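Visitor: I have a list of "why is it called that" questions for you. Shall we go through them with the model on screen?

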Amino acid sequence: MTTKTEQAHIQKAFQERMDEDELMNCMRCGFCLPSCPTYIESGQQETQSPRGRIALMKAVVDGLIEPDEEVERSLSLCLGCRACEQVCPSGVRYGHLLEEARDIIAQHKRMPLHVRLVRKLVFAGLFPYQERMRKATAFLGWYQRSGLRAIVRKTGLLRLLPASFRQMERVLPDVPTAKEMKNRPHRLNPDEPAKKRVAFFTGCLMDTMFMTTNDATMRLLQLAGCEVIIPPSQGCCGALHGHGGEKEMAKELAKRNIAAFEQLDVDYIVTNAGGCGAFLLEYDHLLKDDPEWCDRAAAFAAKIKDVSEVLVELEFHQLPLRVAPQTITYQDSCHLRNVMKTASAPRRLLRAIEGAEFREMKDADRCCGSAGIYNLVEPEMSMQILDYKMEMAKQTKATTIVTANPGCLLQMKLGIERAGLTESVRAVHIVDLLLEAAEGAQAVREEERIRQTS
Amino acid sequence: MIPNEAKKRLIQIVGAENYDDTKAGRLVYSYDATPQFQSLPDAVVAPRNTQEVAEIAKICNEYRIPIVPRGSGTNLCAGTCPVEGGIVLLFKHMNRILEIDEENLTATVQPGVITLDLMRAVEEKGLFYPPDPGSMKISTIGGNISENSGGLRGLKYGVTRDYVLGLEVVLANGDVIRTGGKLAKDVAGYDLTRLLVGAEGTLGIVTEATLKLIPMPETKQTMLALYQDLEAAARSVSKIIANQIIPATLEFLDQPTLEVVEDYARIGLPTDVKAVLLIEQDGPKEVVERDMKKMADICRSEQAVSVELARSEEEAEALRTARRAALSALARLKPTTILEDATVPRSEIAKMVKAINEIAAKYQLKICTFGHAGDGNLHPTCPTDARNREEMERVEKAFEEIFAKAIELGGTITGEHGVGAMKAPYLEWKLGPAGIAAMKAIKQALDPNNIMNPGKVFAKSTRKRVVVTR
């Protein structure tokens, strides 16, 4: 709860910092309403719609209302999926407004001690340091492999955690060991003469908990004819900080990444996580008021490209790709689709896989409810959204649900578990499936070659 | 303020979860899509059925609490802005399609049904509900009925009014009446159905509607005619009508509108021409082909620089969607977007377009024009900034001149957006004092305590009439 003094400070900061032109740019036509998952799931509550949230932000700026609990509640229940921006004829950059508003509230609100401690630990103590991320992941690996997990699960110790954390624990992937996470490559050669020279943005979670997906990404880039540079001084993109009201920290991380990549002479900076890619793409906005960095940020952002776009450009989908017969469907990563505007490339790649029948899911472009750490902090709404998603997924009869972002991937796994489909349905990151398909086709060729020579 | 006693009774009716008087909850129902109108309601109430609506009306009548029925708040005349406070009535629980009657070709719906959802549902049965306001993706049937919404297909198929056969309405005193029915003919008494459609919630609350459906046209074709001369495009419109062709859609977009729409939709609209006509015809294949050819010839004879058919239904749909987004896309240009919907007889379209441009020049304003040219309904739109007082005054003067010109040409101040709070000061220009008095008499008879959407349609004072000398 915010005190009156805090509210006054928040209001003042709104008046000083919120972009009034952008707020006025919303002409309240309501075209965004049908695209908003929280508006739909809340039974059409205007406080849970983009138009309503913008009106609330503007009313705080105008002094019509105080930034009270309801205002805060409305803003914190937003997924930040930015589907509304896609359909906004006026071109309101809602995401930027939301980010600024959340940052203002987080910076002026005195949170309970335990929340402050956790935030400090996670935002400042963990994510910015890749070495600590590795240690944490290694610890998780030890937990998974040592038998401790089995004991914990058996004894019901997990029940001490909130339900949302408990569920998350179940769907976490088997993570690599500390040894495996050491000695990451710095440069990889293409399989054929290089068509492109690219840099790979490894990310923090992707290079630890989802390391195999990163490896698959780099392998695909090699197969497609890329020389891949992986600068070791890069780190977390800062999306979590930016969306969580820690904008200043996000800026520091952005600068580190820009410095890590700007000297490289590369065609693209490739990402494989929609959430990170979208945040990197908007570094220029993040640093727009910093004269020393804004141009450098813009140059950096101009090179950001999702791996699926790079693969399509290099005609990877023309290569032989094959998997065992199965039906697949694709769940868009919101930020990949709505911010990076990448929606057709992943589908083109998936349609090119022999053996896989691609079926489009209804409302595939609607958020799955993962939304960064939303599923942990707003479990109720998140699960409601997820259950709808699983209904749609079930209708396709897909046995493989493909996503393009680690958060979405975990959420889909969770959805599969909740729907009781663990035996029949799997969730995979698109690059993992593509590598499986490339190797599958390779294996078939090998077999044929052996058969012909024998 | 709502007296405590009334609040208690309202909560008893709808349940605490359907009564919201928190500040944030009220703020988000303080506006609709009309610029410069905002006013907080005292509470927001979401009834679950007609009975509850009737009980709410009784209480409000007793305590003199204004009731503002609201769909999705997309109207453009401040029709749902609670300018005198009171309660905003939501229909989120009353949003079911009750029946699609394939024998009588009717649909019976609750007011909260989204227009597009109804269209899709009837299309599945090979039927057609034509009224297609720009906001149909989110607008509700209840809102469409109360505002008598038009749309792109108005010219050939008419507007919402032409598809409402019967209504269930809660009156100010809590009485529930039923008008009309599943009937093609019905002259039993006054045509209250027609009176209530477009009454903007000032006479009663629509709680159910029986709508007319028609068979789905067999085929449809879409084309785009490009012009380097604005008035030539407008002349083509009048000439098509004069040649006794009634296309399904005949839309006009000028260059500034094309630019912003293309910026949003990115579908390859031409931005290097002065105006575009979006023309559609539907019906039996032979008729469609013949009409399209005739219209293409007319356009060419009026110096269209290019006339091209859409290659696929996807392309045609992209064009229609882009056109529907025109207004909101214009909001990209400036912080405030003032839009009007002056309407003139179709023969006068060219004169109106010319007058709009002259008025814009006179007041040094940018006015973009688009609209349903085929039915004489234009949307001159002025991108401006509400913070710039001096410019806002010029905008107001310019639009007053546009209204006056429209009336002079035999037209009206609003073709499809409604009067609401926004155009109330100008209504007398169109109706005259006797016309206003007749309408007020109806209002007084049905809502003596003036609780039904007060502050709308009738103004406290009328604007001084602008004299146009041209």
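Guide: Let's start with burial in chain B of this predicted model: buried residues make up 56% of its 470 residues.

Visitor: What makes a residue count as buried?

Guide: The test is 20 or more other C-beta atoms within 10 Å of the residue's own. In chain A, 49% of the 454 residues count as buried.

Visitor: Why is B:E124 called exposed?

Guide: The cut-off for exposed is 12 or fewer neighbours. B:E124 has 9 C-beta neighbours inside 10 Å, so it counts as exposed. You will find B:E124 in the loop between α4 (115-123) and β7 (127-128) of chain B. If you want a landmark for scale, the C-alpha atoms of B:E124 and B:A437 are separated by 46 Å, with their positions 313 residues apart along the chain.

Visitor: Why is chain B called as compact as a globular protein of its length?

Guide: We set its radius of gyration against the globule rule. The radius is 22 Å and the rule gives 23 Å for 470 residues; these are close, so chain B is as compact as a globular protein of that length. Its C-alpha atoms fill a box of roughly 70 × 60 × 40 Å along the principal axes, and its secondary structure comes to 15 helices and 18 strands.

Visitor: And what does the globule rule give for chain A?

Guide: The rule gives 22 Å for 454 residues, and the radius of gyration of chain A is 22 Å, so chain A too is as compact as a globular protein of its length. Chain A has 25 helices and 9 strands, in a box of roughly 85 × 50 × 45 Å.

Visitor: How do you know that α13 of chain B has the span expected of a helix?

Guide: The expected span is 1.5 Å times one less than the number of residues. Helix α13 (residues 349-362) has 14 residues and reaches 20 Å from its first C-alpha to its last, close to the expected 20 Å. Just after α13(B), B:Q364 takes a positive phi of about 50°.

Visitor: Which elements do the buried residues of α13(B) pack against?

Guide: They pack against α8 (230-242), β17 (368-372), β18 (377-384) and α14 (389-408) of chain B. Among the buried residues are B:I349, B:M352, B:V353, B:I356 and B:I359.

Visitor: What makes β1 and β3 of chain B edge strands?

Guide: They belong to an open, mixed sheet of 4 strands in the order β1-β2-β4-β3. β1 (19-20) and β3 each have a single partner strand, so one side of each is left without a neighbour in the sheet.

Visitor: How do you know that β1(B) and β2(B) pair?

Guide: Pairing needs at least two bridges. β1(B) and β2 (residues 43-45) of chain B are joined over 2 bridges, in the antiparallel sense, so they meet the cut-off of at least two. Within this pair, B:D20 stands opposite B:V44 in β2(B).

Visitor: How many residues are in contact between domain 1 and domain 2 of chain B?

Guide: Contact asks for C-beta atoms within 7 Å. With that cut-off, 16 residues of domain 1 are in contact with 20 residues of domain 2 of chain B. On the domain 1 side, α3 (50-63) and β3 (67-70) each supply at least two residues, and α3(B) gives the most, with 7 residues. The domain 1 side divides into 7 nonpolar, 7 polar and 2 charged residues. The C-alpha centres of the two domains, domain 1 and domain 2 of chain B, lie 22 Å apart.

Visitor: And where do chains A and B meet?

Guide: That contact takes 28 residues from chain B and 27 residues from chain A. On the chain B side, α2 (23-27), α12 (326-330) and β16 (336-339) give two or more residues, with the largest share, 4 residues, coming from α2(B). The chain B side divides into 14 nonpolar, 9 polar and 5 charged residues.

Technical notes: Residues numbered from 1 in each chain as written. Chains lettered and ligands numbered in written order. Predicted model: local features only at pLDDT ≥ 70, side-chain atom pairs only at ≥ 80, totals over all residues. Domains from an automatic or database assignment. Contact = placed C-beta atoms within 7 Å. Nonpolar A, V, L, I, M, F, W, Y, C, P; charged D, E, K, R; others polar. Rg over C-alpha atoms; globule rule 2.2 N^0.38 Å.
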